[in-house]
Amino acid sequence: MIVQESRGLPSRSTIEHWDALTASDTIVRTLGNEAEQLASHTRSVDRQRAAVSGEDWIGTANQAADDRIADACARSRKLSTGLVEVACTVESGLSELHYARRALLSAVVEAEADGCRVADDWTVTIIGPPTEESEAKVFEWAGYLRFKAAAVQEADSRAAQSIADAAAALTFGSNSGIHGFVPIIALGAVDLALMAALAAGAI
């Protein structure tokens, strides 16, 4: 009996329970809703800003207030667009992860149909007495599974990094003027969405 395994990969049972597409749908829906609510809120504030900037209130104070609100609206629109971009990044990354996972599990099914056993820790063994032919078969399938497992790990790492980068781009400094204007739920939308992915076991 010959044993080979794929190191550094979550267990087979863990990967079998991953549901990247469901996680992606949840995240995209969450971020899309938050982006739309934020955009709507921004339009409303912008209309009110225009309404109070007239002959009833003019001067330096008016200009300062108008500039401040206009700046906050611009930043809010940027955040709304950023949330949509994060959603697209999540959708792309988790889609790649889903198909890499599916390819790996399909390879497991093929290996087992060919007389091998793939354990939860990805150990590959032959079913039945070992022979020269069965030993070669185990090595062949173990190598193929390592190749497919590496694709899953790479897709997982790329998705995690791209999502982290996209989310980091939404960070605003303490003097940005955005806090206090943007609804708190919008500022937390990315974290909530990523928590949903973790709960689904996708990332």
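Me: Before we look at pairs in this predicted model, what counts as a salt bridge?
Reply: Happy to start there, since this is a predicted model and the term is a geometric one. A side-chain nitrogen of Lys or Arg has to be paired with a carboxyl oxygen of Asp or Glu, and the cut-off for that pair is within 4 Å.

Me: Which residue meets glutamate 96 in a salt bridge, and at what N to O distance?
Reply: Take the setting of the pair: glutamate 96 is in helix H3 and its partner is in helix H4, 62 residues apart, so that the pair links distant parts of the chain. Glutamate 96 is partly exposed because its relative accessibility is 33%, and the partner is also partly exposed, at 42%. The side chains meet at 2.2 Å, N to O, and the partner is arginine 158.

Me: How many salt bridges does a search of the whole structure find?
Reply: The bridge between glutamate 96 and arginine 158 is one of them. Another joins glutamate 16 and arginine 12. For the whole structure, the search finds 4.

Me: Why are glutamate 16 and arginine 12 separated by about one helical turn?
Reply: Their side chains meet in a salt bridge at 2.9 Å, N to O. Both residues belong to helix H1, residues 12-16. They are about one helical turn from each other because their spacing in that helix is 4 residues.

Me: Is arginine 12 buried or exposed?
Reply: Its partner, glutamate 16, counts as partly exposed at 36% relative accessibility. The cut-off for buried is under 20%. Arginine 12 has 15% relative accessibility, so it counts as buried.

Me: Where in the chain is aspartate 114, the salt-bridge partner of lysine 137?
Reply: In this bridge the closest N and O atoms are 3.7 Å apart. Lysine 137 is partly exposed at 22%, and aspartate 114 is partly exposed too, at 31%. The pair links distant parts of the chain, 23 residues apart, with lysine 137 in helix H4 and aspartate 114 in the loop between H3 and S1.

Me: Which residues are joined into one network by salt bridges that share partners?
Reply: Two members are already familiar from helix H1, namely arginine 12 and glutamate 16. Through shared partners, the network consists of Arg12, Glu16 and Glu112.

Me: Now the inside of the protein: which element gives the most residues to the largest nonpolar core?
Reply: This core has 36 residues, and Ile15, Leu104, Trp122 and Val152 touch the most other members. Helices H2, H3 and H4 and strands S1 and S2 each supply at least two residues. With 13 residues, the element that gives the most is H3.

Me: Leaving aside neighbours within four places in sequence, which residues are in contact with leucine 104?
Reply: Leucine 104 is among the core members that touch the most others. Two of its contacts, Trp122 and Val152, are in that group as well. The full set is Leu9, Ile15, Trp122, Leu145, Lys148, Ala149 and Val152.

Me: What is the relative accessible area of tryptophan 122?
Reply: Tryptophan 122 lies in the loop between S1 and S2. Its phi is near 75 degrees, a positive value in a residue other than glycine. This tryptophan is buried, because its relative accessible area is 2%.

Me: Which side chain makes a polar contact with the side chain of threonine 123?
Reply: Threonine 123 is also found in the loop between S1 and S2. It is buried, with a relative accessible area of 12%. Its side chain makes the polar contact at 2.7 Å, and the partner is aspartate 121.

Methods
Residues numbered from 1 in each chain as written. Predicted model: local features only at pLDDT ≥ 70, side-chain atom pairs only at ≥ 80, totals over all residues. Heavy atoms only, no water. Core = buried A, V, L, I, M, F, W, Y, C linked by side-chain atoms within 4.5 Å. Buried < 20%, exposed > 50% of the residue type's maximum accessible area, 1.4 Å probe, protein only. Contact = heavy atoms within 4.5 Å. Polar contact = N/O pair within 3.5 Å; in protein donor to acceptor, adjacent residues only side chain to side chain.
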